[in-house]
Amino acid sequence: MTWKDKLEGQIAPQLAAEIDAFDAQIALKKQGKIEDKVFAETRLRRGAYGQRYDNGRRHDGITTQDLNFPNNPLAKGPETLWDAPGMERIKIPFGGLNPRQMEVLADLAEEYSDAILHITTRQDIQLHYIHIEDTPSLFRRLAAVGITTREACGNSVRNVTACPLAGVCHTETFDVTPYAKACAYYLLGHPDTQDFGRKFKIAFSGCEHEACALVSIHDLGGIAKTRVGPDGKTQRGFALYVGGGLGAVPHQAKLYEEFIPEEELLPLARAIGRVFARLGEKKNRNKARLKFVVHKLGIDAFRTIVQEERRTMPEDPSWRKFFAEIPGYEESPTFAAVQLNGVRKPEGFDEWNASNVYAQRQPGYATVTVTCPLGDLTSEQTRKLADLTRKYAGDHARLTVEQNIVLRWVPHSKVVDLYSDLKTLGLATPGAGTIVDVTACPGTDTCKLGISSSRGLAGELREQLSAKSMNLDAAIKGLRIKVSGCFNSCGQHHVADLGFYGNSRNINGYTVPHFQVMIGGKWLQNGGTYALAIGSIPSKNIPKVVDRLTDHYIKDRQESETFQTFCTRLGKKALKGMIEDFVHVPPHAEAPDYYTDWGNPRAYTIGDMGVGECAGEIVSLAQFGFTQAETEAFEASLLLDDNNYEKADKTAYQAMLTAAKTLVQLQWLDVPADRDTIVKEFNTRFVETKIFWDKYHAGQFANYLLQRHESPDTRYTLDTAHKTVEEANLFIDAAHKAHAKFQETQKII
Amino acid sequence: MHKLAIKLFFTEPSPHLDDFVPVFHTWIQTHALPNHLLFDVADYKHVPTGPGMILITHQANIAIDQANHRPGLLYTRKSPLATTSLADNLREVLSYTLQAAALLESTSALPNLKFKTDELLIQINDRLEAPNTPETSSKLSPTIQQVANTLFGHPVTLEHSHDDSRSLFEVRIKSSQSPTLAQLSQNIK
């Protein structure tokens with residue numbers, strides 16, 4: 001019995017087929033039949049990411065050890081060993097989770113990972129230390145509860161995020177949840193989003209002035225708007241922003257259009273995707289995000305190109321199906337609203353209530369934030385939290401970009417009981433959204449690009465600040481701290497009041513962990529202002545930097561001056577001056593602690609950094625197409641082994657069609673998916689032109705497809721199916737040759 | 001059925017989780033556990049009643065587990081074992097767990113660390129093979145009882161809990177005596 005057997009019929013057919021294909025690709029990779037980089041991008045598009053030390057080397061503090069994994073040198077990507085553990089990123093569109101999904105995630109963390117679920121800054125869940133061969137079962141179990149990991153990593157549309165208060169917020173224009181959902185599923189696996197040079201991030205926000213979904217830091221973001229239409233009725237739509245992003249070169253998103261009507265959202269997102277696929281950089285990974293396209297062209301020229309694309313791109317009516325679901329979306333409470341009245345409040349409740357409970361727009365209901373330190377919670381906590389979600393909030397839980405979980409629609413009368421129950425799970429920590437609720441990316445704990453220990457620093461700051469939180473001045477309680485392990489900004493340090501990103505300095509002959517101090521970023525207004533860098537400080541001095549800067553703020557701020565205004569008024573020079581005395585690193589003999597990172601006694605090194613996979617692998621559409629065809633041919637051979645002759649024949653035929661379509665797409669990207677067109681175009685463009693032509697066998701290989709298409713042998717016996725499977729393999733080989741020949745002709749031209 | 005987990009509890013008071021960090025890093029440097037490729041330490045001390053501090057190896061996660069506020073050493077097997085029978089697999093996983101426990105007890109940096117040896121927990125970390133049901137219990141208990149009796153050198157008590165079918169299948173073994181870790185290791189050879 002396998003999970004595939006057990007879950008048969010419980011997984012949507014499309015998802016099941018995708019996972020079967022990935023299963024087959026794993027088998028093909030083990031047989032050496034898929035290139036490393038093709039398999040890497042394939043698994044990345046399934047959310048299966050690399051992890052630190054997966055190149056088979058680790059510095060143990062004294063020397064670099066080779067990690068002799070059993071299957072070395074078998075690899076799952078360039079510089080990525082097969083048996084090395086990996087991270088699985090699980091996309092949760094708009095962070096929406098129901099209790100059943102929480103239970104399955106808990107089980108998967110326990111069985112395949114280390115019993116910890118990690119919430120990311122993009123409303124995903126990540127599991128670490130996963131073996132690649134466990135991923136198909138993991139995917140099936142997720143798929144059975146409606147979760148896909150498809151395109152969670154790689155050069156694709158990443159998780160679509162939205163404000164966790166959408167639908168219950170006091171200041172939103174309207175609930176953006178169904179729009180985020182429609183956008184996520186419309187673009188998922190869409191042919192026009194498969195040829196990006198880099199990732200593409202989308203967010204939706206219900207209001208302009210709150211932080212909400214941080215639209216400014218996204219490739220594409222929508223802020224809910226309404227206007228009165230020509231018919232006098234209120235029309236919904238979005239202020240659309242493009243080309244935002246953090247990373248080493250942060251860009252604020254540019255306003256594309258003040259108002260696009262709601263029905264334009266999906267087609268326009270597709271048009272922007274097509275423009276990005278066409279004009280986005282494919283070679284230099286550091287310049288490949290949409291922000292560089294927008295910057296290079298200017299927003300006006302970019303808008304003109306997108307408008308032209310929107311006008312001329314082939315019609316894709318499938319968006320209407322997703323759009324049609326929007327009006328029907330409704331999240332309704334499970335329990336009746338009852339106000340809190342006279343219930344005895346347990347110790348600690350008031351402090352927790354002040355920071356973690358939000359009175360919803362709907363009277364009598366609250367949204368409760370469950371604080372998860374560093375975004376982590378255990379499988380057991382998750383399972384019990386699923387119970388509490390059912391008990392107090394119905395089906396309504398969401399992950400937040402601040403690495404917490406919110407339970408929505410909790411009747412006020414039940415908030416005290418919920419607090420008590422959360423407390424027994426160790427999940428009633430106060431301080432959500434305050435200075436103690438420090439956000440951090442994985443950093444050197446697990447990320448190949450991590451330079452300094454973001455989680456180590458975040459944990460230390462959390463501990464130190466929590467210890468004195470009762471005595472913290474109200475002015476600094478509301479500040480936000482965000483930490484990234486490197487400049488790539490996964491911890492979103494640019495939009496924090498106090499942000500830090502890891503770097504290192506060579507001092508006294510040693511490499512010393514440091515953090516760049518970034519201050520004055522704005523979380524509100526959708527990430528309205530990016531922080532200023534004021535200097536790199538040894539990692540071990542960062543807690544003192546926090547104390548120094550916040551002390552100055554309390555002492556020197558003008559009446560009701562925000563931290564951002566305070567920073568702007570003082571200027572970088574003065575701020576830098578405040579922390580200058582922390583730059584010094586004492587000699588190793590005096591203070592060896594400076595030469596190690598937080599929570600790690602090993603002598604610090606940057607030698608463990610690997611090649612990041614954030615950027616994915618540049619794999620052409622043709623490479624993907626051929627890999628898909630080979631996967632289908634392999635599946636056909638497995639079906640043949642199972643004596644399923646009809647399905648084997650049809651799958652082998654499909655493999656030939658996929659290979660033929662891949663060739664046609666070299667000349668006609670938007671070739672329709674119907675079989676007749678593919679075969680006709682293949683014949684015209686590749687057979688009649690003798691590109692698909694063998695020196696000795698002439699058009700024989702092409703005929704395999706042409707004949708199977710025209711007159712299939714419907715007896716479906718072992719012999720007939722075997723023939724088709726054999727022919728499919730030969731056809732794919734010939735397609736590879738034709739591809740090479742075509743590329744040669746292009747060079748000559 | 002190889003995804004077995006064994007937990008040995010500490011006596012009170014147990015060391016602070018931070019104390020295990022340098023120990024585990026030293027183990028990695030010295031390849032301290034035979035038959036295991038050691039390569040990382042995962043710090044989860046910020047998560048209440050969580051896996052605490054984990055020594056990550058290719059073959060198993062070795063955690064200073066804090067579940068139910070009862071700290072202990074939790075060995076969770078990940079990679080397949082050489083044998084296939086439950087009894088053989090249990091014996092092998094028990095021997096690795098005891099080996100790690102003995103190493104911890106002998107570590108000078110953890111002078112107060114002691115294990116309770118009259119109780120241990122066996123989990124099967126595989127809901128497909130061993131869902132937490134009375135049927136699984138009926139099917140597996142005889143083998144577990146047999147191995148546990150051998151381990152302790154006398155008949156022991158097995159306790160099951162099926163309260164939450166979502167949890168891992170788990171058996172608590174209780175002994176009337178407290179042999180040393182070395183005796184337990186010897187018994188299971």
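**Exercise 1. In what sense do strand β8 (residues 116–119) of chain A and β9(A) pair, and over how many bridges?**

Before the solution, some ground rules. This is a predicted model, where local features need pLDDT of at least 70, side-chain atom pairs count only at pLDDT 80 or more, and totals for chains, interfaces and linings use all residues. Residues are numbered from 1 along each chain as its sequence is written, while chains are lettered from A and ligands numbered from 1 in the order in which they are written.

Step 1. Get the terms straight: helices (H or I, at least four residues) and strands (E, at least two) are DSSP runs, numbered from the N terminus. Two strands pair if DSSP finds at least two bridges between them.

Step 2. β8(A) and β9(A) pair in the antiparallel sense, over two bridges. In one of these, A:I119 has A:I125 of β9(A) as its bridge partner.

Step 3. Now look at the connection. The two strands make a hairpin with five residues between them, and A:Q123 in the turn has a positive phi of about 60°.

**Exercise 2. Build out the sheet around β9(A) and find its edges.**

Step 1. Start with strand β6 (residues 86–90) of chain A, which is joined to β9(A) by four bridges and runs antiparallel to it. Here A:G86 stands opposite A:I130.

Step 2. Go to β8(A), which pairs with β17(A) in the antiparallel sense over three bridges. A:I116 has A:T378 in β17(A) as its bridge partner.

Step 3. Put the strands in order: this is an open sheet of five strands, β1-β6-β9-β8-β17 (chain A), with antiparallel pairing. β1 (48–49) and β17 (376–378) of chain A are at the edges with a single partner strand each, so one side of each has no neighbour in the sheet.

Step 4. Add the helix. Helix α4 (residues 99–112) of chain A lies across β8 and β9 of chain A, at about 20° to β9(A). For that angle, axes are lines fitted to C-alpha atoms, for helices over the stretch in contact, and angles run from 0 to 180 degrees between N-to-C directions.

**Exercise 3. Why do strand β9 (residues 125–130) and helix α6 (residues 177–187) of chain A count as largely enclosed?**

Step 1. Set the cut-offs: a residue is buried if 20 or more other C-beta atoms lie within 10 Å of its own, exposed if 12 or fewer, and partly exposed in between, with C-beta atoms placed from the backbone.

Step 2. Six of the six residues of β9(A) are buried, so the strand is largely enclosed by the rest of the structure.

Step 3. For α6(A), 10 of the 11 residues are buried, so this helix is also largely enclosed by the rest of the structure. Among the buried ones are A:Y179, A:C183 and A:L187.

Step 4. Ask what surrounds the helix. Its buried residues pack against β10 (161–162), β11 (202–205), β12 (220–228), α7 (265–279) and α10 (318–324) of chain A. After α6(A) comes A:G189, with a positive phi near 70°.

**Exercise 4. Describe chain B and the side that touches chain A.**

Step 1. Count elements: chain B has four helices and eight strands. Its radius of gyration (over C-alpha atoms) is 16 Å, close to the 16 Å from the globule rule (2.2 Å times the number of residues to the power 0.38) for 189 residues, so chain B is as compact as a globular protein of that length. Of those 189 residues, 46% count as buried.

Step 2. Go to the contact, where C-beta atoms placed from the backbone must lie within 7 Å. Chain B gives 28 residues and chain A gives 32 residues. On chain B's side, α1 (20–30), β2 (38–44) and β3 (52–57) each give two or more residues.

**Exercise 5. Where does B:H58 lie, and what is it in contact with?**

Step 1. B:H58 lies in the loop between β3 and β4 (60–65) of chain B.

Step 2. Check exposure: B:H58 has 19 other C-beta atoms within 10 Å, so it is partly exposed.

Step 3. List partners. Leaving aside neighbours within four places in sequence, B:H58 is in contact with A:F69, A:D83, B:L37 and B:S79. B:H36 is 22 residues from B:H58 in sequence, and their C-alpha atoms are 6.7 Å apart.

Methods: Contact = placed C-beta atoms within 7 Å.
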